[in-house]
Number of protein chains: 2
Amino acid sequence: MEFDANRPIWLQVMNALETDIITGRRKPGEKLPGGRDLALRFEINPNTAARVYQELEKTGLCETRRGMGTFVTGDETVIASARNDFIRQTVKNFLQRMAQLGETPQSAARMILREEE
Amino acid sequence: MEFDANRPIWLQVMNALETDIITGRRKPGEKLPGGRDLALRFEINPNTAARVYQELEKTGLCETRRGMGTFVTGDETVIASARNDFIRQTVKNFLQRMAQLGETPQSAARMILREEE
DNA sequence: CTTAGTGTACTGTGCATATAGTACACTAAT
DNA sequence: ATTAGTGTACTATATGCACAGTACACTAAG
C-alpha cells in the first residue's frame, strides 16, 4: 500500500480497515491481524499499528481484548450505519468540491455516466 | 477559514487559491495578496504564507516577482488545463472511493441526483 | 533619497508523526 | 509450568509542520 505523504499513516491504515469492515470484506466478530502482524503487512512501525487499533476502537467498529487481539464488532447495526455515514459523507464532499469548481450536481452526474462510455 | 488538522495548512491555503484561480474568481495577471497580507487573512504565520506561494508557483498557476509580489499567470491555457485536471481528478477519486464502498457509477449518479429532490 | 510594500533568509521553539528498540502483562493452548 | 500470540507502555531519535521574531534585499512611488 502506498501512503499519501500529507496525511498520517495510522489514519490511512485505519481508513483501509474501516472500508474492509463496512463492505463486509471483514465479517462481524472476525479477528483482525495482531499489532505486529499488521505492522508487517502494511510495512509500518508496530507503534503506528497499535495506534491504528486504538483509534479504530473509538469508532465502535472493533473491540480490543487484551491478550486476545482486536475483533470486528458483532453489532451489525453499527456497521450498517457506519457504511451509510461513509457514503453520505463521500457524496457530500464530492458535491461540495464540484460546486467550488463551478459544477452543478447535474453536470457532475453527467460526467460520471460519461466515464462509462 | 477552518483547517483540517490532518493536512498541512500551507497545502490547504494553496488549494483555496488554486480554486479561486481556476474558477476565475482571480483573473489572469491579477496581483495576489502579499505574504504578510495573506498571513493576516488566513490567520496563519507569515512563514507558512510564504511557503504557499513557493509551492503554488511550482504549479505554474502564478508567478512571483521579487519586490513586486505574486501574480496569477497570464497564460489562460495553463489555467484552463489545470481546471480540467482538477475536475477529472475529483471525479476519478470520487468513483474510486465509491467503488471501494461497493457502489457503481450508476448508483453514485443516482444518489447525487436524489440529493436534489 | 526616502518610504512602503514586497520576497527572501535566517534562528529558535514546540508539537505531532513515524521510526527503532525494549520490556512487561494478559490469554489461550500445550 | 511453559510457550506463543497478543496488547500495552516506555525511552530515544529523526523529520516535518507551524509558529514567533528578526533581518536583509528588491521594486515602485513619492
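**DNA contacts and charged pairs**

Student: Which side chain has an N or O atom 3.5 Å from a base nitrogen of DNA strand C?
Tutor: The model is a predicted one. In it, a base nitrogen of DNA strand C is 3.5 Å from an N or O atom of a side chain in chain B. The cut-off for a polar contact is 3.5 Å. The side chain is that of B:Asn47.

Student: Which elements give two or more residues to the surface near DNA strand C?
Tutor: Both protein chains take part. Chain B supplies helix 2 (35-42) and strand 2 (69-72). From chain A come helix 1 (9-22) and helix 3 (46-58).

Student: Which element gives the most to the surface near DNA strand C?
Tutor: In total, 23 residues surround DNA strand C, and the closest include A:Pro8 and B:Arg36. The element that gives the most contributes three residues. That element is helix 3 of chain A.

Student: What part of DNA strand C do A:Thr48 and B:Gly35 approach?
Tutor: A:Thr48 uses a polar side-chain atom, at 2.9 Å. B:Gly35 uses a backbone N or O atom, at 2.7 Å. Of the atoms of DNA strand C within 4 Å of the protein, 62% belong to sugar or phosphate. What A:Thr48 and B:Gly35 each approach is a phosphate oxygen.

Student: How many residues of the surface near DNA strand C are polar?
Tutor: The surface is sorted by class. Five residues are nonpolar and seven are charged. The number of polar residues is 11.

Student: Which residue has a polar side-chain atom 3.0 Å from a base nitrogen of DNA strand D?
Tutor: Two other contacts with DNA strand D go to phosphate oxygens: a polar backbone atom of B:Asn45 lies 3.0 Å from one, and a polar side-chain atom of B:Thr48 lies 3.0 Å from one. The contact with a base nitrogen is made by another residue of chain B. That residue is B:Asn47.

Student: Which element gives the largest share of the surface near DNA strand D?
Tutor: 24 residues surround DNA strand D, and among the closest are A:Gly35 and B:Arg51. By class, the surface near DNA strand D has six nonpolar, 11 polar and seven charged residues. The largest share is three residues, and the element that gives them is helix 3 of chain B.

Student: Why are B:Arg41 and B:Asp37 separated by about one helical turn?
Tutor: Side chains of opposite charge can pair when their charged atoms come close. B:Arg41 and B:Asp37 form a salt bridge, with the closest N and O atoms 3.4 Å apart. B:Arg41 is exposed at 52% relative accessibility, and B:Asp37 is partly exposed at 33%. The separation is about one helical turn because, within helix 2 of chain B, the two positions are four residues apart.

Student: Is B:Asp20 buried or exposed?
Tutor: B:Asp20 meets B:Arg25 in a salt bridge, at 3.1 Å from N to O. B:Arg25 has 51% relative accessibility and counts as exposed. B:Asp20 has 18%, and buried means under 20%. B:Asp20 is therefore buried.

Student: What is the relative accessible area of A:Arg7?
Tutor: A:Arg7 and A:Asp4 meet in a salt bridge, 3.9 Å from N to O. A:Asp4 is partly exposed at 35%. A:Arg7 is also partly exposed, and its relative accessible area is 31%.

Student: How many salt bridges are found over all chains?
Tutor: Some salt bridges join into a network, and A:Asp20, A:Arg25, A:Arg26 and A:Glu30 are linked in this way. The search covers the whole structure. Its total is 16.

Student: What is the phi of A:Glu43?
Tutor: Most residues other than glycine have a negative phi. A:Glu43 lies in the loop between helix 2 and helix 3 of chain A, and its relative accessible area of 70% makes it exposed. A:Glu43 is not a glycine, yet its phi is positive, at about 55 degrees.

Student: What distance separates the centres of the two domains of chain A?
Tutor: Chain A is divided into domain 1 (9-75) and domain 2 (77-116). The contact between them takes nine residues from domain 1 of chain A and six residues from domain 2 of chain A. Taken over C-alpha atoms, the distance between the centres is 27 Å.

How values were computed:
Residues are numbered from 1 along each chain as its sequence is written. Chains are lettered from A and ligands numbered from 1 in the order in which they are written. This is a predicted model: local features need pLDDT of at least 70, side-chain atom pairs count only at pLDDT 80 or more; totals for chains, interfaces and linings use all residues. Side-chain values use heavy atoms; hydrogens and water are left out. A residue is near a molecule or strand if one of its heavy atoms lies within 4 Å of it. A polar contact is a pair of N or O atoms within 3.5 Å; within protein, one must be able to donate a hydrogen and the other to accept it, and residues adjacent in sequence count only if both atoms are side-chain atoms. Ala, Val, Leu, Ile, Met, Phe, Trp, Tyr, Cys and Pro count as nonpolar, Asp, Glu, Lys and Arg as charged, and the others, Gly among them, as polar. A salt bridge is a side-chain nitrogen of Lys or Arg within 4 Å of a carboxyl oxygen of Asp or Glu. Buried means under 20% relative accessible area, exposed over 50%, partly exposed in between (1.4 Å probe, protein chains only). Domain bounds come from an automatic or database domain assignment. Contact means heavy atoms within 4.5 Å.
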